[in-house]
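Could you walk me through this structure, starting with how its helices cross? Plain running text is fine.

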There are 2 protein chains.
Amino acid sequence: MTQEIPADSVGIVTPISQLFDEPLQLKSGKVLKSYNLMYETYGKLNSDKSNAVLICHALSGDHHVAGYHSHNDKKPGWWDSFIGPGRVIDTNKFFIICSNNIGGCSGSTGPSSINPDKGQPYGPDFPVVTIEDWVKSQALLIDSLGIDTLAAVIGGSMGGMQAMQWAIDYPHRVKNCAVIAAAPKLSTQNIAFNEVARKAIMSDPNFADGRYYNKGEKPNQGLMLARMLGHITYLSDEALKDKFGRDLREGEFKFHFDTEFEIENYLKYQGEKFVGNFDANTYLLMTKALDYFDPARLYDDDLGKALSHVTCDFFVASFTSDWRFDPKRSMEIVKALIDENKNVSYMEIEAPHGHDGFLMDVPVYMNGLRSYLDRVAAKLGVKQDAC
Amino acid sequence: MTQEIPADSVGIVTPISQLFDEPLQLKSGKVLKSYNLMYETYGKLNSDKSNAVLICHALSGDHHVAGYHSHNDKKPGWWDSFIGPGRVIDTNKFFIICSNNIGGCSGSTGPSSINPDKGQPYGPDFPVVTIEDWVKSQALLIDSLGIDTLAAVIGGSMGGMQAMQWAIDYPHRVKNCAVIAAAPKLSTQNIAFNEVARKAIMSDPNFADGRYYNKGEKPNQGLMLARMLGHITYLSDEALKDKFGRDLREGEFKFHFDTEFEIENYLKYQGEKFVGNFDANTYLLMTKALDYFDPARLYDDDLGKALSHVTCDFFVASFTSDWRFDPKRSMEIVKALIDENKNVSYMEIEAPHGHDGFLMDVPVYMNGLRSYLDRVAAKLGVKQDAC
């Protein structure tokens, strides 16, 4: 079936794989000798290269933010409704970049990639990566595109953490930073859920200490459990209730342990879909990067100190029903920025979806981010050059 | 090491195993031909048998509520600090009974018991049991003790659901019903967490479709995951933060996937401890009974209707930091009772522990329950007969 592509879509897009043949020094002390970054861009870089916007993806996201890879694509990129000509992040104004994080499984070098030293997939030999490492690799990517300064770096959830880290690590290369549905560090509960997810993966006998790529079976049961659990934390109690309630697939209790409630079926469906597209070792790496993120740690646990030398303006947004990263967590960021006399706009968005709200077409959220970015465009004087 | 037993403890107690040789008709339509109930009692039944209090246990609880099984016991029963001479549930006034639920793994007939038809453990052939079934078996137990009417039935969490069901199913055999940290039915999110726990157990290869008793290995990894996950939901975000924060076992990031944060270590410890004492098939049964509990279901989802014919007085209590069964869930019960002109006392207890608060020595909670039960004793004129 051929996809009818809307007029305000970025249309058909082609991912680019770029080799970085210089060693990347990682936070862990390890070095990645060379690596690929898979990325996409939308819109056009203007002549003074002032209109670049970097989008950072969340745990299960990738570089394919918007548009379609072909007319046969069933679904567009993961944040498509936000990106395109005239959309929230307007490709008539901005040149948008998003790369798959290293350690990922969507084209950038990760555990499923061939380790050049061994001629085998890295598996557990792939080094533990951090938010800082991702930001560093993204900086090298924009270097390679000839871009010195980003008009904005934007991210939701784990992407919001990368955006914050950008502002901290490259204060003179970011003009604006949008931190959406994020937190300045994971809570104890957040880490606890991540640990259960990791244990589910690692205790799957098919995990084989992470060396499962050349075997018949993958640790799909473990990864499925991890995803099911994650999914519960992405949605609000209320959203689950509204969507599934206590509905039974067959209308009555069956007194067995097969799928019976609609919510069970939904989680199963989400889990099964996920294991077809995602790598278990990548899941381990992404959750560990989340656990480690804590920019205040090097500053006596003082977030203000960690943010004291940022120079960009901030857009921070949270969602009322997000219990994974409660609005209070965003307020910690806002408070630290205000204490340090930084310029910050904050939106607490009334929405029922829970953490996943950051991906949703919530009008007040879309309008808020649009209006912020319109001001960014006006203030920086960015405009698309005439074609 | 010999245990120093406090003067206000019930002291050394001996569990009793009682055979019920009459078929038990279960809600599922299946029949348990005969079964054992393991139970304990504390205090003395008075001559008019009016001072009996039934305690119903929660998911991982059992019949051993108070006292010690021997002087070598390291720990007393699971609610010991509430039960004894002069304690909250005062054995100078009340005769207290608690039985292990059928389907359990602490002495009452359950999946690890020998199926008399096959000479092998029941395993997955043990029928799915419900809160109603448990209440029915408890009623038969008090029949066998010659008790017609309970001064009170008391339970926290899943125990609170059994207490509610008692009031509904045996309105003329219960004078008071204490429903603590419970809910009138599981939320969609509650069911979702239970399903992930069950899937963790059932996808453990050692689960062997539930027939693991005579094999070398048990589904310990799956049960451990279930318990770790459960544990997160029993504690509040704040309690986890206060107890473990983001503390690292070795003070710095290790860039590996072994136990690193203190919270990870705690969950591992809790999980490992649990699998030594609990049966995976029982975990499946208990969570399913929780999922099914919904007394309003037979009354057009009208909880008031379901409670319309109860005759006892109610004590309902919730804990502010309980996100498993939020105080709002208890308020649903209170509201339904008030709408039906029933007598209900309600306490919302300010406490940081989360759902586990119902097991904790929170003074305002202990005083509230004590004062309620003192009035019960006074109103019913129950007193211990002179020894």
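In this predicted model, helices α4(B) and α6(B) make a right-handed crossing. Helix α4 covers residues 220-234 of chain B and helix α6 covers residues 262-277 of chain B; their axes come within 8 Å and cross at roughly 125°. That angle falls outside the 65 to 115 degrees that count as roughly perpendicular and is not over 145, the cut-off for roughly antiparallel, so α4(B) and α6(B) are oblique to each other. On the α4(B) side, the contact uses Asn220(B), Leu223(B), Met224(B), Arg227(B), Met228(B) and His231(B). From α6(B) come Leu267(B), Gln270(B), Gly271(B), Glu272(B), Phe274(B) and Val275(B). Sort the residues of this contact by class and you get 6 nonpolar, 4 polar and 2 charged.

Stay in chain B for another helix pair. Helix α1 (residues 131-144) of chain B packs against helix α2 (residues 158-169) of chain B at an angle of about 70°, with the axes 9 Å apart. α1(B) and α2(B) are therefore roughly perpendicular to each other, and the crossing is again a right-handed one. Here Ile131(B), Glu132(B), Trp134(B) and Val135(B) of α1(B) meet Met161(B), Gln162(B), Gln165(B), Trp166(B) and Asp169(B) of α2(B). The class split for this contact is 5 nonpolar, 2 polar and 2 charged.

Now hop over to chain A, where the mean pLDDT is 96 and 98% of the residues reach 70 or more. Look at α3(A) and α7(A): they pack at about 160°, with axes 10 Å apart, which makes α3(A) roughly antiparallel to α7(A). Their crossing is left-handed. The residues that meet are Ile191(A), Asn194(A), Ala197(A), Arg198(A) and Ile201(A) from α3(A), with Ala280(A), Tyr283(A), Leu284(A), Thr287(A), Leu290(A) and Asp291(A) from α7(A). By class, that contact has 7 nonpolar, 2 polar and 2 charged residues.

Both of these helices also turn up where the two chains touch. How many residues of each chain are involved there? It's 41 residues of chain A in contact with 41 residues of chain B. On the chain A side, α3 (188-202), α4 (220-234), α5 (237-244), α6 (262-277) and α7 (280-292) each supply at least two residues. α3(A) gives the most, with 11 residues. Counted by class, this side of chain A has 22 nonpolar, 8 polar and 11 charged residues. As for scores, the model gets ipTM 0.96 and pTM 0.97.

Chain A also holds an open sheet of 8 strands with mixed pairing, in the order β1-β4-β8-β5-β11-β12-β13-β14. β1 (16-20) and β14 (344-349) of chain A stand at the edges with a single partner strand each, so one side of each has no neighbour in the sheet. On average, neighbouring strands are turned by 20° against each other, ignoring direction. At the β1 edge, β1(A) pairs with strand β4 (residues 35-42) of chain A in the antiparallel sense, over 5 bridges. To place that pairing on your screen, find Ser17(A), which stands opposite Met38(A) in β4(A).

What lies across β11 (152-156), β12 (176-180), β13 (313-319) and β14 of chain A? That's helix α10 (residues 363-380) of chain A, which runs at about 165° to β14(A).

Terms used. Residues numbered from 1 in each chain as written. Chains lettered and ligands numbered in written order. Predicted model: local features only at pLDDT ≥ 70, side-chain atom pairs only at ≥ 80, totals over all residues. Axes fitted to C-alpha atoms, helices over the stretch in contact; angles between N-to-C directions. Helix = DSSP H or I, 4+ residues; strand = E, 2+ residues; numbered from the N terminus. Parallel < 35°, antiparallel > 145°, perpendicular 65-115°, else oblique. Left-handed = near helix turned anticlockwise from the far one by under 90°. Contact = placed C-beta atoms within 7 Å. Nonpolar A, V, L, I, M, F, W, Y, C, P; charged D, E, K, R; others polar. pLDDT = per-residue confidence, 0-100. Pairing = 2+ DSSP bridges.
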